[in-house]
Structure formats: structure tokens, C-alpha cells
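Me: Could you take a close look at one part of this structure for me? I'd like to know how the cysteines sit and what is around them, and then how that part fits into the whole chain.

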Amino acid sequence: TQFLLQEISVVDIVQVAKELPLLHHIGLFTIELLLGDFVSIGNNFNTFISSADDHFALFRRNSENVIELKTLGNGRIKISGGLEKLQNSLITITYAQSGKCCIYINGVLAGEINTAAGSLSAGNFFIGHSDPAKAFDTTYRSIRFYNRALTAEEAMANAVTDGVAAN
């Protein structure tokens with residue numbers, strides 16, 4: 001498996017903004033977040049991972065209970081039933097410039113959009129958010145970065161390995 005960064009296991013994190021300097025001007029990547037029990041605390045958003053330049057963000061929009069992925073210039077993916085889908089789940093985001101950006105939840109495709117030509121400049125990433133209005137409580141059981149877009153079969157295989165594959 002090709003990682004941009006070795007697997008990061010983060011245990012018992014509650015809203016710690018951790019800077020990860022990677023994914024600068026990259027056209028192919030995958031990010032996987034394996035979450036434990038999830039409790040929403042903030043009243044606006046629950047931000048899981050975001051870039052410092054605000055070109056990329058994965059969050060839950062509390063008012064609509066949707067999981068939302070923002071990628072600059074590519075529109076947004078919104079997935080309903082966010083609170084339920086975040087419980088003990090693997091969220092896989094694949095990105096391929098001039099192709100597709102996909103979100104898989106527990107190995108199953110949950111949403112996709114077409115991506116523009118050119119690479120995504122995401123800058124540094126932060127895990128969580130320091131704003132109490134965006135707070136939540138979960139355990140990041142694993143965070144994985146790949147320098148390629150995983151296939152649907154690989155996303156499902158990782159969900160099976162992590163013990164969260166959809167039935």
C-alpha cells in the first residue's frame with residue numbers, strides 16, 4: 001500500500017487541531033478516517049479534517065445532518081443521515097483530477113462529483129477544529145493517506161479489514 005504518510009493512529013482525540021503538511025498541488029490522493037463512537041457537541045458543524053487554506057474540508061453540517069465534502073472549484077458532496085453514518089465508520093475520500101471525487105462509507109459509494117482539470121491545492125491539513133461550535137467527540141482509530149485514488153474494490157477491502165464493511 002502506498003501512503004503519503006505512514007498510518008497515523010490517533011486515540012482519544014477531542015478537537016485537537018493537528019497540522020499535517022502534505023497534499024500540496026496533488027492530483028491523485030485518498031484519505032481514510034476510521035472513526036469510533038461519535039457524539040456531536042457543537043451546534044454548527046463537526047469538522048473532521050480541513051485544509052488551512054479552506055480549499056478542502058470534510059465536515060457534518062448539523063442543521064441538515066449531512067456529511068459534506070468541500071473541494072475548491074469542484075462543488076460539494078452531501079450525504080444525508082450523517083449522525084447515524086458516522087458511528088464506528090470508515091470514511092474514504094478519493095480524488096482524481098479531471099476525473100471523480102468519491103466518498104465511500106464503510107466501503108460503499110455514498111456520493112461523487114466530477115473534478116476539474118488541474119490539481120487540488122489543499123495546503124496543510126488540520127484534524128478537528130478549535131471552535132466549540134464545531135466540536136464533537138470521537139476516537140480517530142486510524143487516519144491513512146495514499147498518493148493515489150483507491151478503487152471501489154480497495155475501499156471495500158479496507159472496510160472489511162477494519163471490521164466496518166456494510167452488509
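Reply: Happy to. C101 is a good place to start: this residue is buried, with a relative accessible area of 0%. Please keep in mind that the model is predicted. C102 is buried as well, at a relative accessible area of 7%.

Are these cysteines bonded? A disulfide is a covalent bond between the sulfur atoms of two cysteines. To be counted here, a pair of cysteine sulfur atoms has to lie within 2.5 Å. By this rule the model has zero disulfides. C101 takes part in none, and its nearest cysteine sulfur, that of C102, is 6.7 Å away. Taken from the other side, the closest cysteine sulfur to that of C102 belongs to C101, and the 6.7 Å between them is too far for a bond.

Now for the surroundings. T94 is a helpful neighbour to look at, since it touches both C101 and C102. This threonine lies in strand β9, which covers residues 90-96. Leaving aside residues up to four places away in sequence, T94 also touches F29, T30, K100, Y104, A149 and L150. T94 is buried too, with a relative accessible area of 4%.

T71 gives a second view of C101. The two are 30 residues apart along the chain, yet their C-alpha atoms are separated by 8.8 Å. T71 belongs to strand β7, residues 66-71, and is buried at a relative accessible area of 2%.

If you move to G99, the picture changes. G99 sits in the loop between β9 and β10, the latter being residues 100-105. At 23% relative accessibility, G99 counts as partly exposed, because the partly exposed range runs between the buried limit of 20% and the exposed limit of 50%. Beyond four places in sequence, G99 touches I113, N114 and T115. Its C-alpha is 7.4 Å from that of A116, a residue 17 places away in sequence.

Stepping back to the whole chain, there are two helices and 14 strands. Buried residues account for 51% of the 167 residues, with C101 and C102 among the buried ones. Of the contacts between residues at least 6 apart in sequence, 63% join residues at least 24 apart. The chain exposes about 7300 Å², and carbon and sulfur atoms supply 50% of that area.

One more feature may interest you as a computational chemist: the largest pocket, with about 240 Å³ of space. It is lined by 15 residues, and those closest to its centre are T47, S50, D54, H129 and K134. β5 (45-51) and β6 (56-61) are the elements that give two or more residues to this lining. β5 provides the largest share, four residues. Sorted by class, the lining consists of six nonpolar, six polar and three charged residues.

To come back to your cysteines: C101 and C102 are buried, but with 6.7 Å between their sulfur atoms they are too far apart for a bond.

Technical notes
Residues are numbered from 1 along each chain as its sequence is written. This is a predicted model: local features need pLDDT of at least 70, side-chain atom pairs count only at pLDDT 80 or more; totals for chains, interfaces and linings use all residues. Side-chain values use heavy atoms; hydrogens and water are left out. Buried means under 20% relative accessible area, exposed over 50%, partly exposed in between (1.4 Å probe, protein chains only). On a 1 Å grid over the protein atoms alone, a cavity is a set of points where a 1.4 Å probe fits but cannot get out, and a pocket is an open set with protein on both sides within 12 Å along at least five of seven lines; lining residues have an atom within 4 Å of a point. Grid points are joined across faces, edges and corners, and a volume is the space filled by probe spheres set on the points. Ala, Val, Leu, Ile, Met, Phe, Trp, Tyr, Cys and Pro count as nonpolar, Asp, Glu, Lys and Arg as charged, and the others, Gly among them, as polar. Contact means heavy atoms within 4.5 Å. Accessible areas come from the Shrake-Rupley method with a 1.4 Å probe; for residues, only the protein chains shown count as cover.
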